[in-house]
Amino acid sequence: MLEPLRQGLPPLDPAAVSNAASCALPARYEAVREARKFTRRTLDQWELGYRFDDVCLVVSELVTNALRHALPAGAQRMPEQAPPVRLHLMRWTERLVCAVRDPSDDSPVARDSDDFSAESGRGLFLVDSFSDSWGWHPLAGTLSGKVVWALFRLQAAGAPGTAASPVE
């Protein structure tokens, strides 16, 4: 279910991006709350509030994983340094992608666990369960690190359950 992990985004026309937003996140766990607030504001502006619960859960998991596993232990950032983690939200007509960039070159690792009562180790399972697809790829050029992304299909404007149509 979680394989293959390393894959690029499905073919998406960059010129067709209708909205994009990103935010820098500091190297502290309070950044997860900041990422959720940013996601709420952004999805509300884009009239995609109906996807908030799934997207927010995935954003929380991806940011938590980046903070927990992709930063060196005790990482402190000087004010003049670039923030170590960045959240990107990109919207196409029928797709939304959330992507989290972090400084680690290590691939995300899905844990094999049958213990569903465990307090950690299920993040990528949740990402896989609540998004339509997900993957990761290393950064290229002068940037080091990786991007872990999740894709969500969107309902067409006017479809039941969207902000553009009344819910019965």
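Start by selecting Arg28, which is partly exposed, with a relative accessible area of 42%. The model on screen is a predicted one, and this tour visits some of its salt bridges, of which the structure holds 6.

**Stop 1: Arg28 and Glu30.** Keep Arg28 selected and add Glu30. The two side chains meet in a salt bridge, at 3.7 Å from N to O. Colour Glu30 by accessibility if your viewer allows: the relative accessible area of Glu30 is 38%, so Glu30 is partly exposed.

**Stop 2: Arg28 and Glu34.** Now add Glu34 to the selection. Arg28 forms a salt bridge with Glu34 too, and here the closest N and O atoms are 3.1 Å apart. Glu34 has a relative accessible area of 30%, which again means partly exposed.

**Stop 3: the three together.** Show the side chains of Arg28, Glu30 and Glu34 at once. These residues are linked in a network of salt bridges. Arg28 takes part in the pair with Glu30 and in the pair with Glu34.

**Stop 4: Asp102 and Lys146.** Clear the selection and pick Asp102 and Lys146. Their side chains form a salt bridge, with 3.0 Å between N and O. This pair links distant parts of the chain, 44 residues apart: Asp102 lies in strand E3 (residues 95-102) and Lys146 in strand E5 (residues 146-153). Select both strands to see what the pair connects.

Before leaving, turn on the surface. Are Asp102 and Lys146 buried or exposed? Both residues are buried, whereas Arg28 at the first stop is partly exposed.

Key. Residues numbered from 1 in each chain as written. Predicted model: local features only at pLDDT ≥ 70, side-chain atom pairs only at ≥ 80, totals over all residues. Heavy atoms only, no water. Salt bridge = Lys/Arg side-chain N within 4 Å of Asp/Glu carboxyl O. Buried < 20%, exposed > 50% of the residue type's maximum accessible area, 1.4 Å probe, protein only. Helix = DSSP H or I, 4+ residues; strand = E, 2+ residues; numbered from the N terminus.
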